[in-house]
Amino acid sequence: MVGDRREYFTADGVAAMKWGLTRAAAANAIEYHLRGNSGSPCCSGTMEKGYFLSPYHSDGACSTYRGENPAGYASTPEPPPEWNHYRLPAIPETRTGRRDGTITVEDVYGKPTGETFDAWADDPGSGGFPFHGLYRKWYKQIEETFRPWADVGKIPDERNFWDAADRVRDAIRKLEVLNCQGESYYLACSSLGLIGTYSPGESAGPPGRMWAPQINGPIDLFVIPLQGTFLNLAVFAEMLAAQLEGLGNMWQNARQGVMEIGWYATQRLSGRPGATDLKDLIHGAGYLLASIGFLKVPTPVGIGVTAAGIALTGAEDLIGAIQQKDADVAPFGVTITSGSTEHVLGQVRTALYGRQENCLQDALEGDEGVCISMLQVAQRHFESGTTVYNAEQKSYSTVFTLKPGNIRGDTAPATASDVDIKVEFDRLRKAGSIFADELSRDLHDIAGSLREILPTSSALERPEIGGGMGIGIGWTGPWDLWNANRILLAEALEKTAGQVAGVGDYLISASNFLERQDAAAKEALEQAGAELDGQFG
């Protein structure tokens, strides 16, 4: 029976869905036309075998006429046209089947009149034989109704969004547990003597922190809060990935929704009664933030953040602001009920494009609008805020970038000069080398990976639905804002990589000066310091 099989959203699947709907529409139109002209229409047959019918008299009336006017007698009058019968061809079960539209006409005695019509001809309009062009009429209307969705290759593919989301998460994962010598950032910095406790006069060996006026500022104002910056950026990246994941879910459900609308309409036209509420079909960007919450911080990193007194102010503010924007998207509430072909296909058009609340187009606009709103909030938060260091409490309020100001200022100026230096020179040079080379390179690699993810809007481009409007919002949905946030993140990582390299070079120069105390080392330190000031100025 027509419509028993649910098709997938592929080029062949969409074509099969439309063809099944065309067959059901034509059969329903025949039934409704005959029923409207006669309570008991003269009709037999099916769309699979064809129809033998008359639109002009009721069932049994022709038998009565033949009984009253037997054939073969000279006195028998010429039967009038309203007693004619029409043989309509079968509608092929598949869209590739032979479409013979010939309608033959027989008089009431079964004799061909020689007159023919064509069910696949152009609709003659009002006043013509009602079944001439009937099949083509509904075929064309259904083709036009689903035209924007039928070009499957131009509909955004959810797999592109999911793949891009995975790539964002893979790229940013290094920020969650950033390996230095095979350890998390906090543990590596601790073993390198950059993070930890220090008491004047005690050994500076691990896990103690190295100490000197030349390095206190870079350590307190950059090295320690840097792990908070990493996690803020990781949360921001997860927000970008979650947007992509939600948009992928939205397009997957939209594709399914199109097929379900066609399938349920076929059911209704095929005589299966009922009212189908499609409210559960569309879920997308409006539900994105449920997958974010607060980023789950890996244990080694969490220990470091807690031990260093770091608050992820930027990430917490961002998530809070976005969650305030996160209103539930209204359910998709269009129903498809039984009725005439015009009635059912009218509901299909309404379900796809109707401008009343909660059609598919409205749902997509709503989901993409929520996504755009979230991205706007994210962009504003990313570009505002400053990391704050409380020297007395040794605590940090971190955001997405580090702007420490006087990076070389001694953060412990009250410490007596004779106990103000505790440095292991080789260990400090090793720390500087890891920062200048390995850590900086990793950050550049992460930024480079992000720049390669959805670099153009092609994955979000969609067909026109008419009137210069695309499916959803515009021609590329939220891509402009998503891309702007992606670039912000990549640029922040690249800037941070430059800062990391500058701090690393400076720590190497500081170690050389503190060890050698000669003019050449002093000049090199001053040059490295000037370059560092330039990066943070």
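**Exercise 1. Helix packing**

Task: In this predicted model, describe how α7 and helix α12 (residues 425-451) pack.

Solution.
Step 1. Two packed helices are described by the angle between their axes and the distance between the axes.
Step 2. For α7 and α12 the angle is about 35 degrees, and the axes lie 14 Å apart.
Step 3. The crossing of α7 past α12 is left-handed.
Step 4. On the α7 side the contact is made by Ile215, Phe222, Val223, Leu226 and Phe230. On the α12 side the residues are Leu428, Phe435, Leu439 and Leu443.
Step 5. By class, the residues of this contact are nine nonpolar, no polar and no charged.

**Exercise 2. Nonpolar cores**

Task: State how many residues the largest nonpolar core has, which residues have the most contacts inside it, and which helix gives the most to it.

Solution.
Step 1. The largest nonpolar core has 127 residues.
Step 2. Those with the most contacts inside this core are Tyr135, Trp149, Leu194, Phe222, Phe435 and Leu493.
Step 3. Helix α7 (residues 213-269) contributes the most, with 25 residues. Phe222 of α7 and Phe435 of α12 also take part in the helix contact of Exercise 1.
Step 4. Another core, of six residues, lies apart from the largest one; Cys42, Ala61, Cys62 and Trp83 are among its members.

**Exercise 3. Tyrosine 135 and arginine 136**

Task: List the contacts of tyrosine 135 and of arginine 136, leaving aside neighbours within four places in sequence, and classify arginine 136 as buried, partly exposed or exposed.

Solution.
Step 1. Tyrosine 135 is in contact with Thr22, Ala26, Ile30, Tyr51, Leu88, Pro89, Ala90, Ile91, Ala119 and Trp120.
Step 2. Arginine 136 is in helix α3 (residues 134-145), and its contacts are Ala119, Trp120, Ala121 and Asp122.
Step 3. Ala119 and Trp120 appear in the list for tyrosine 135 and in that for arginine 136.
Step 4. Arginine 136 has a relative accessible area of 26%, so it is partly exposed.
Step 5. The C-alpha atoms of arginine 136 and alanine 26 are separated by 8.9 Å, with these positions 110 residues apart along the chain.

**Exercise 4. Phenylalanine 513**

Task: Decide whether phenylalanine 513 is buried or exposed, and name the residues it touches.

Solution.
Step 1. Phenylalanine 513 belongs to helix α13 (residues 479-516).
Step 2. The cut-off for buried is under 20% relative accessible area. Phenylalanine 513 is at 13% relative accessibility and therefore counts as buried.
Step 3. Not counting residues up to four places away in sequence, phenylalanine 513 touches Gln214, Asp518, Ala521, Lys522 and Leu525.
Step 4. Glutamine 214 is 299 residues away along the chain, yet its C-alpha atom is 9.7 Å from that of phenylalanine 513.

**Exercise 5. Positive phi**

Task: For leucine 454 and glutamine 517, give phi; then give the location and accessibility class of leucine 454 and of glutamine 517.

Solution.
Step 1. Leucine 454 is not a glycine, and its phi is positive, near 45 degrees. The residue sits in the loop between α12 and β11 (464-466).
Step 2. With a relative accessible area of 12%, leucine 454 is buried.
Step 3. Glutamine 517, also not a glycine, has a positive phi of about 55 degrees. Its place is the loop between α13 and α14 (519-536).
Step 4. Glutamine 517 has 49% relative accessibility and so counts as partly exposed.

**Exercise 6. The protein as a whole**

Task: Give the secondary structure count, the buried share and the accessible surface.

Solution.
Step 1. The protein has 14 helices and twelve strands.
Step 2. Of its 537 residues, 53% are buried.
Step 3. The accessible surface is about 23200 Å², and 49% of this belongs to carbon and sulfur atoms.

How values were computed. Residues are numbered from 1 along each chain as its sequence is written. This is a predicted model: local features need pLDDT of at least 70, side-chain atom pairs count only at pLDDT 80 or more; totals for chains, interfaces and linings use all residues. Side-chain values use heavy atoms; hydrogens and water are left out. A nonpolar core is a set of buried Ala, Val, Leu, Ile, Met, Phe, Trp, Tyr and Cys residues joined through side-chain atoms within 4.5 Å. Buried means under 20% relative accessible area, exposed over 50%, partly exposed in between (1.4 Å probe, protein chains only). Helices (H or I, at least four residues) and strands (E, at least two) are DSSP runs, numbered from the N terminus. Contact means heavy atoms within 4.5 Å. Accessible areas come from the Shrake-Rupley method with a 1.4 Å probe; for residues, only the protein chains shown count as cover. Axes are lines fitted to C-alpha atoms, for helices over the stretch in contact, and angles run from 0 to 180 degrees between N-to-C directions. A crossing is left-handed if the near helix is turned anticlockwise from the far one by less than a right angle, and right-handed if clockwise. Ala, Val, Leu, Ile, Met, Phe, Trp, Tyr, Cys and Pro count as nonpolar, Asp, Glu, Lys and Arg as charged, and the others, Gly among them, as polar.
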